[in-house]
There are 4 protein chains.
Amino acid sequence: MDIASIVDDIAAEMKAAPHRGRVADYIPPLACVPIDRFGMAVIMADGTCHLGGDAEEPFSIQSISKVFSLTLALGAVGDALWQRVGREPSGSAFNSIIQLETEHGIPRNPFINAGAIVVADVLLGGNEPGSAIAGILRFVRTLAGDETISIDESVAEAEHRTGFRNFALASYMRSFGNLLHPVDQTLRVYFHQCALSMSCVQLALAGRYLMAEGRNPATGLSVVSPQRARRINALMMLCGHYDNSGEFAFRTGLPGKSGVGGGILAVAPGVASIAVWSPGLNEKGNSQLGALALERLAARTGWSVFQPAGPSTSSG
Amino acid sequence: MDIASIVDDIAAEMKAAPHRGRVADYIPPLACVPIDRFGMAVIMADGTCHLGGDAEEPFSIQSISKVFSLTLALGAVGDALWQRVGREPSGSAFNSIIQLETEHGIPRNPFINAGAIVVADVLLGGNEPGSAIAGILRFVRTLAGDETISIDESVAEAEHRTGFRNFALASYMRSFGNLLHPVDQTLRVYFHQCALSMSCVQLALAGRYLMAEGRNPATGLSVVSPQRARRINALMMLCGHYDNSGEFAFRTGLPGKSGVGGGILAVAPGVASIAVWSPGLNEKGNSQLGALALERLAARTGWSVFQPAGPSTSSG
Amino acid sequence: MDIASIVDDIAAEMKAAPHRGRVADYIPPLACVPIDRFGMAVIMADGTCHLGGDAEEPFSIQSISKVFSLTLALGAVGDALWQRVGREPSGSAFNSIIQLETEHGIPRNPFINAGAIVVADVLLGGNEPGSAIAGILRFVRTLAGDETISIDESVAEAEHRTGFRNFALASYMRSFGNLLHPVDQTLRVYFHQCALSMSCVQLALAGRYLMAEGRNPATGLSVVSPQRARRINALMMLCGHYDNSGEFAFRTGLPGKSGVGGGILAVAPGVASIAVWSPGLNEKGNSQLGALALERLAARTGWSVFQPAGPSTSSG
Amino acid sequence: MDIASIVDDIAAEMKAAPHRGRVADYIPPLACVPIDRFGMAVIMADGTCHLGGDAEEPFSIQSISKVFSLTLALGAVGDALWQRVGREPSGSAFNSIIQLETEHGIPRNPFINAGAIVVADVLLGGNEPGSAIAGILRFVRTLAGDETISIDESVAEAEHRTGFRNFALASYMRSFGNLLHPVDQTLRVYFHQCALSMSCVQLALAGRYLMAEGRNPATGLSVVSPQRARRINALMMLCGHYDNSGEFAFRTGLPGKSGVGGGILAVAPGVASIAVWSPGLNEKGNSQLGALALERLAARTGWSVFQPAGPSTSSG
């Protein structure tokens, strides 16, 4: 069966799925997203694009932004970043503070909140928050080749007003000297990157460099080195779904990063960049139908990175 | 450069490496293994075999045996196993007991000691320990196609006499009802499987089904389904090196399982089954030169599962 | 109001109390104790004895025995004991193993299970378990002046058969070198001391040295030094009720040690040795009516150690 | 030996003590306090006052203020306070955040930082921070009968600028809804109460109600009920020295509360209110010589609350 039909089928199945999880309700702009939404975009290595469902409706990408900010920070400071953030799965929830105490303010990896806050602190780099925020937005627009991508200020503002746990994480790391800027400034960057509003199409476009040895296939320009692209994929596979990362890898066999807005970006190296979105979350905070859609996609296409025959041959 | 030369080069580099880690010294049979050993065996999908260094010298495979016992247990009880063991990285040391308390006696995954003890309890299945041990030995001999593989009784006996932490883990899980047999019997199975003595060649031969969609390429017989082979690989990648799993995946991009005897089994799906051995361990309890050798092998061959071009094309 | 009337009143109130907690049911000999029991014995400094309810019915003293074994161990090895056991409240449940991992096998205090197992190991002292058990029994009989006190072998045997958590704690400490004898032998001592069967009267008699500057008022002989008696009282106050110690101190203001059999030994220094018993436990594993009875006794007599007027004047 | 001589002797011994601990250096105003200082004030129930060393030199009382703020908060909201703060020893360092995560934002007791911040939040009560701060200052001045007691603004300001861990604790509790005011306002109150500057004499005067059944002996007015005074003493004994509380109770047998400025307030109920001060801290953050001085005082006077003869008779 060809990819287009697979995407069509999955989108139809997900639209009809009875158990859709629960929409995140900790801030009003997320709480009011209709639970019936499902979108999917699959962009192949050759540029072919397969869309399903609400693939063009923008949503809050939230933690998926951590992939892009990590990429930027590695570009800025290189492997020195790893002195301030670890590379191991945390075995804990996304916003746990326990591990920070026993490990002296060094977050376990850049995809839990604490780690992403350190990454935001790196991106701040002594400048005004607005400058770092503009840089992130510019980077994502360039990756996606779409200047219409924007940040939802109402989301950023709501996070800033109620994100006490993130203030706690940031203050805590600052007490260990692992935050160089005032908490409020670093979090301003963090909350704005999380408030990026993108559709599945835009997200899959932005993720192409991760399937294409670090290059943007549209421009041919290198975003990161091939080795770094592989390593970001490895981090996504091991840490991309918090304490549900093992389950996701077990079921789909693909690197992926989820966000509390219900989106997931997944990568089949050399084959496809994939974005799914459905706002209902499972009990671990990952998109319930998004994860299910990716599991079915991987099963029907054989795109698991652990598939012996190799992705390229089975994707035809 | 061809694989044979790459293996030769790496073996020579490792033989000469100055920093070799520390040999495990908690039991005499392990403590007396010479630190200068290094072996490597790479078995390609077509059956070609490339050896380097002490590839034919047997060593104690220890925790690598957990891959084989997990495979057997899944064959015995199927996915019901996952009601007694999790599938998430633990974020903790191999013998940590903390997580067991907060998660009510359910180990995080089958590759930490607690999880492997539950797996051994499954294999015991109401029979005598000797019967389960014989079953494991028979399975590994069949996988490797080598009837000379044996269990080192002196190792098993030493573990049994001094393995107080494993007794603690087993007793603790028994208090939660997650061990069905007397602690002493289950641990007898566990200590014997860990005492399997194998060379790199034998180990790489035994691991072939993990690169070959679950089939033993020598016999063409199915060991596990293709899906299960992929999933065991996913578990190895996320949990195969305890709280160093992220680092290993980041550096090599391959599923792998290490043992305190200094061995590592790694898999390049569709391409190669790889075993390395050097008894000196890093501070996380994984083979220092073994991990380095695999990192170099992956870098020079492009065998990372995250390599876009696909393993098969870059392995020629 | 005089003490006799106070005791009478409290016994009557407790007999009629509707909410009696839950009887421990983890071993059959404890599970079958009738929930309607309540006993109380108050022995004054001058030897006067006030009994209420089922004060002469024997029950399993369980963890209250830790006070007597600690006293014996301090007599045997003195303050060297504190190199193997701490003196701080644990903030955790009685059988938690988490703290042992982070503190390298040194239990937080001698009144949590792990600490009491180390104390039992000290009492074992290279001899046969039977010898240590006989020593503990002899000591308690002497303290109470009652040769009829005995150990309930059916309780000890049931604990031994099902006490997997204690096996885990002991094995775990042995892995840190903080247990000098085989786990099975040390636990034999521990399970037997916990199986001491005593009535409230016997228990209050045995506890007299703790109110009387370390002397047995019946014989005039010194059991421990006055300083050591004060210190054991301090330990009881801070650690005698596991993670409910603060609550007990807050409500009664008296040092006390509870047991899962429903007994509590409490001390009003210079004034009275008090034992209460009711088998129903609260959610923290302490006697629900026993704690309530002591709270009322302290309130009506003014026996709190924090009572400014001093215990002696208000006890008349 | 009479109390005056005991105080003289101890002050002389402490002045000459070679091992004085380390002065807290996390903010400049504390770091510059000379290590050679030692002061002691003992105020007897009859009003007699015994001073030793630098008893009249003001120092930053820091966490000792938690006793006074707790007293005020209990006056304001009564036992409803205990729905927001626990009454158990924490078994952890003063600024640990781990327990807050597992216990959903409810601090273990009012004497660890998190608990005292909740207490400050109660005192804020919807008013301006300045109003709450003035209320605390007024209360302490009244207790001590000394209108010259003041708050060191430079200390409060330095804490506010660098107290990231306290910001983390406050933000974290706010995320659980256990802080009702903006973090910055609650912490303003907290940092100011900690910056109270008092001498040993002033501190011992302020603590008199805790030895005198809740009454201020100078005025005869009730500060708290006798029961509440006993209970605050119980809390001080169980939780007054963080994870060193057991050690302090074991050695001195007195309720006490320490501060990182090197002061300790201790109470011998019915007998004396005692303040000591020496800026050098032990590894647990409590005054090294202060604790030693109290241990000697208790030993020489027999003022332990566990002293059978009763405090009143041995204090003559």
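Let's begin with two chains that stay apart in this predicted model: chain A and chain C make no contact, and their closest C-alpha atoms lie 10 Å apart. Chain B and chain D don't touch either, with 10 Å between their nearest C-alpha atoms.

Now turn to chain A and chain D, which do meet. Here twelve residues from chain A and twelve residues from chain D take part in the contact. On the side of chain A that touches chain D, the elements giving two or more residues are helix 4 (98-102) and helix 8 (164-175) of chain A. Of the elements on that side, helix 8 of chain A gives the most, with eight residues. If you sort the residues on this side of chain A by character, you get six nonpolar, three polar and three charged.

How do the two chains sit relative to each other? In general, two copies of a chain are related by a rotation about an axis and a shift along it. For this pair, a turn of 180 degrees and a shift of 0.1 Å along the axis lay chain A on chain D with an RMSD of 0.0 Å. That's the relation of a two-fold axis. To find the axis from chain A, look for A:Ala168: its C-alpha is the nearest one in chain A, 1.9 Å from the axis. Both copies use the same surface here, since 100% of the contact residues of chain A recur in chain D.

Key:
Residues numbered from 1 in each chain as written. Chains lettered and ligands numbered in written order. Predicted model: local features only at pLDDT ≥ 70, side-chain atom pairs only at ≥ 80, totals over all residues. Least-squares fit on C-alpha atoms with pLDDT ≥ 70 in both. Contact = placed C-beta atoms within 7 Å. Helix = DSSP H or I, 4+ residues; strand = E, 2+ residues; numbered from the N terminus. Nonpolar A, V, L, I, M, F, W, Y, C, P; charged D, E, K, R; others polar.
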